[in-house]
Amino acid sequence: MKKVLLPIDGSVRSLRTIDMVKQTYSPDTVEVTLLTVLPDQMHIDGQFTRDRMARKAEQELATFAQLLLGWTVKTALLWGSPGPEIVHFAREGKFDVLVMTRSTRGPFQKLGSVATYLVRNAQFLDLIIMRENEA
C-alpha cells in the first residue's frame, strides 16, 4: 500500500489535491495523510492563541478527511516552517508520494517557496505538484 502525503493549508487550491488523489488512486491502494503545518510563533502569539489555532486546524483536518470517506486517512498537525517540517515528516513516515498544488505566483515565479523547497529537498519521494488553471 502506498503512503500518500497531502500538505493542506486550508485554501481551496490546496484542497484540490484531495480530488487529484481520488482521480489517481483507488481507496484500497493508498493510505492518505492530510498534514497541516502551522507557524510556530509562541513568542509572539502566546499559548492561548496557539491552542486556538491548533483546535481550528484539527477541526479543518477532520472536515477535510470526511472528503475521503471509504479511504484510509490519517491527519497530522505540526508547528514550524512548512518546507522543512513537510520533508522531515515525509522522510520519518516513509511516504511514497507527496501531492500538492503550487501557489499562484504570477508569470515569472512558477513555484511557491514551499513547493520549491520540496523539489530541492524531497528527492526521496515522488512529487506531484499540480498547476492551478489560470483564469
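**Exercise 1. The chain as a whole**

What does the accessible surface of the protein come to, and what share of it belongs to carbon and sulfur atoms?

*Solution.* The structure is a predicted model, and its totals are the place to begin. The accessible surface of the protein comes to about 7800 Å², and carbon and sulfur atoms account for 52% of that area. Turning to the residues, 39% of the 135 in the protein are buried. The secondary structure consists of four helices and five strands, which, read from the N terminus, follow the order β-α-β-α-β-α-β-α-β. As for the contacts between residues at least 6 apart in sequence, 76% join residues that are at least 24 apart.

**Exercise 2. Two helices in contact**

Describe how helix H3 and helix H4 are placed with respect to each other, and list the residues that form their contact.

*Solution.* Begin with the axes: those of H3 (residues 82-92) and H4 (residues 113-121) come within 9 Å and cross at roughly 40°. Because of this angle, H3 is oblique to H4, and the crossing is right-handed. Next, take each side of the contact in turn, where H3 supplies Pro82, Gly83, Pro84, Ile86, Val87 and Arg91, while H4 supplies Val114, Tyr117, Leu118 and Asn121. Sorted by class, the contact holds seven nonpolar residues, two polar ones and one charged one.

**Exercise 3. A residue with positive phi**

Where does Lys94 lie, and is Lys94 buried or exposed?

*Solution.* In the first step, locate the residue: Lys94 belongs to the loop between H3 and strand E4 (97-101). In the second step, look at the backbone, where phi of Lys94 is near 55°, a positive value in a residue other than glycine. In the last step, consider the accessibility, which for Lys94 is 63% in relative terms, so the residue counts as exposed, the cut-off being over 50%.

**Exercise 4. Two residues of strand E2**

Determine the burial of Thr36 and Leu38, and identify the residues with which each is in contact beyond four places in sequence.

*Solution.* Thr36 lies in strand E2, and Leu38 is found in that strand too, which spans residues 30-38. The cut-off for a buried residue is a relative accessible area under 20%. Thr36 has a relative accessibility of 11% and is therefore buried; Leu38, at 12%, is therefore buried as well. With residues up to four places away in sequence set aside, Thr36 touches Ile8, Ala57, Leu61, Ala76, Leu77 and Leu78. Under that condition, Leu38 is in contact with Met53, Ala54, Ala57, Leu77, Leu78, Trp79 and Gly80. Comparing the two lists, one finds Ala57, Leu77 and Leu78 in both. For Leu78, the separation from Leu38 can be given in two ways, as 40 residues in sequence and as 6.2 Å in space from C-alpha to C-alpha.

**Exercise 5. A buried residue of helix H4**

Which residues does Ala115 touch, not counting those up to four places away in sequence?

*Solution.* Ala115 is found in helix H4, and its relative accessible area of 3% is why it counts as buried. Once residues up to four places away in sequence are excluded, Ala115 touches Met100 and Ile129. Of these partners, Ile129 stands 14 residues from Ala115 in sequence, and the C-alpha atoms of the two are 7.6 Å apart.

Technical notes: Residues numbered from 1 in each chain as written. Predicted model: local features only at pLDDT ≥ 70, side-chain atom pairs only at ≥ 80, totals over all residues. Heavy atoms only, no water. Buried < 20%, exposed > 50% of the residue type's maximum accessible area, 1.4 Å probe, protein only. Contact = heavy atoms within 4.5 Å. Areas by Shrake-Rupley, 256 points an atom, 1.4 Å probe, with all protein chains shown as cover. Axes fitted to C-alpha atoms, helices over the stretch in contact; angles between N-to-C directions. Parallel < 35°, antiparallel > 145°, perpendicular 65-115°, else oblique. Left-handed = near helix turned anticlockwise from the far one by under 90°. Nonpolar A, V, L, I, M, F, W, Y, C, P; charged D, E, K, R; others polar.
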